[in-house]
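Here's a quick briefing on one chain. Take a look at the structure first, then read on.

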Amino acid sequence: EGSPFRAGDAFVKGRTLLSRASLLGAERDSPIVDEDVRSLFFPDGTLRIAGREYNGLTQSACFARGKGEHQLGCLSCHSMHASEPNDQLVRERSTDATCSSCHPGLASETHTHHTVGTKGASCVECHMPRTSYALFSAIRSHRIEKPQVKEGVPSACNLCHLDRSEAWAARVLGQPDAERFSNAAYGPRAVLAGDAGLRALVADIAADGEFAWMRPLLGDLLLDDYAAVRRVAARGLGRFMPTLTIDPNAPESVRRAVRDRLREEWNRELSAQAPAPIFRADRSLDVHAIEEALAARDSRAVTIAE
């Protein structure tokens, strides 16, 4: 019979919005999908795949509690025609302006804890972190919520401060349970020991910032079992080192040689930024610590449909 949806109808008519709870059978008439629910959702129910932004939006207070013109919807930020093709954000309207239309006065350092005009002061960096993955890229979550540290979920703070730990982020956010989180730097732990989806996600974010110390760790991802992770790592290394040419599908011996070269070059240069424990006090690589992280890797199969 096809979909009952007709132009002009409410979008939810005839649609089933997937949730972690529904896929685990906690709801009546639970749908069934082929993928493991852990590939689709983080433990708190946040989607980890892009292309389902409406699902995330419905979990946001701005949508669920908003009324009338103050209910956040897709067209609050996006437009089919009054926008550039990439992201389709409405021209001449910043995302922060959309937020401040309902939350005036929050663009202050008292609220953001960052200098006005910097990346950290942007509403979306804290409330829409890039925790979704698609098309070999980290995509912004559309589940808009307060930044916090949760078990098994990338936090907004740690995705910007890859050299800091989850325990540090939880303390900064005033969480009473801060000490139950790891004190190891988040970036290296996620890239080396996380599941395949998390490895790709953080690798893309790392290469998009000023994290030169991630170069040798991206080198380890050139040996990843997943071709998608290798591709993200190779592209990221290309951003750091434009003259470096890497084929993520080259024979393993070739990729391993590149990884070894990156390690050697790092130990010669010794950047000033180098978080423990992956790096020693003299900022050289601690290969033993890297091998320990790789041995602890979450190697379960992950299916993320592009």
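Confidence in the chain bottoms out in helix α1 (residues 20-23) at a mean pLDDT of 77, and peaks in helix α9 (residues 166-172) at 96. Here pLDDT is the predictor's confidence in each residue, from 0 to 100, and helices are DSSP runs of H or I with at least four residues, numbered from the N terminus. This is a predicted model, where local features need pLDDT of at least 70, side-chain atom pairs count only at 80 or more, and totals for chains, interfaces and linings use all residues. Residues are numbered from 1 along each chain as its sequence is written, and side-chain values use heavy atoms, leaving out hydrogens and water.

**Confidence**
- The chain's average pLDDT is 88, with 92% of the residues scoring at least 70.
- Where pLDDT is low, don't read the predicted coordinates in detail.

**Helix packing**
- The axes (lines fitted to C-alpha atoms over the stretch in contact, with angles from 0 to 180 degrees between N-to-C directions) of α11 (residues 196-207) and α13 (residues 227-240) come within 9 Å and cross at roughly 10°.
- That's why α11 and α13 are roughly parallel to each other (angles under 35 degrees).
- On the α11 side, the contact (heavy atoms within 4.5 Å) includes R199 and D204, and on the α13 side R235 and F240 are among the residues met.

Technical notes:
Helices (H or I, at least four residues) and strands (E, at least two) are DSSP runs, numbered from the N terminus. Angles under 35 degrees count as roughly parallel, over 145 as roughly antiparallel, 65 to 115 as roughly perpendicular and the rest as oblique.
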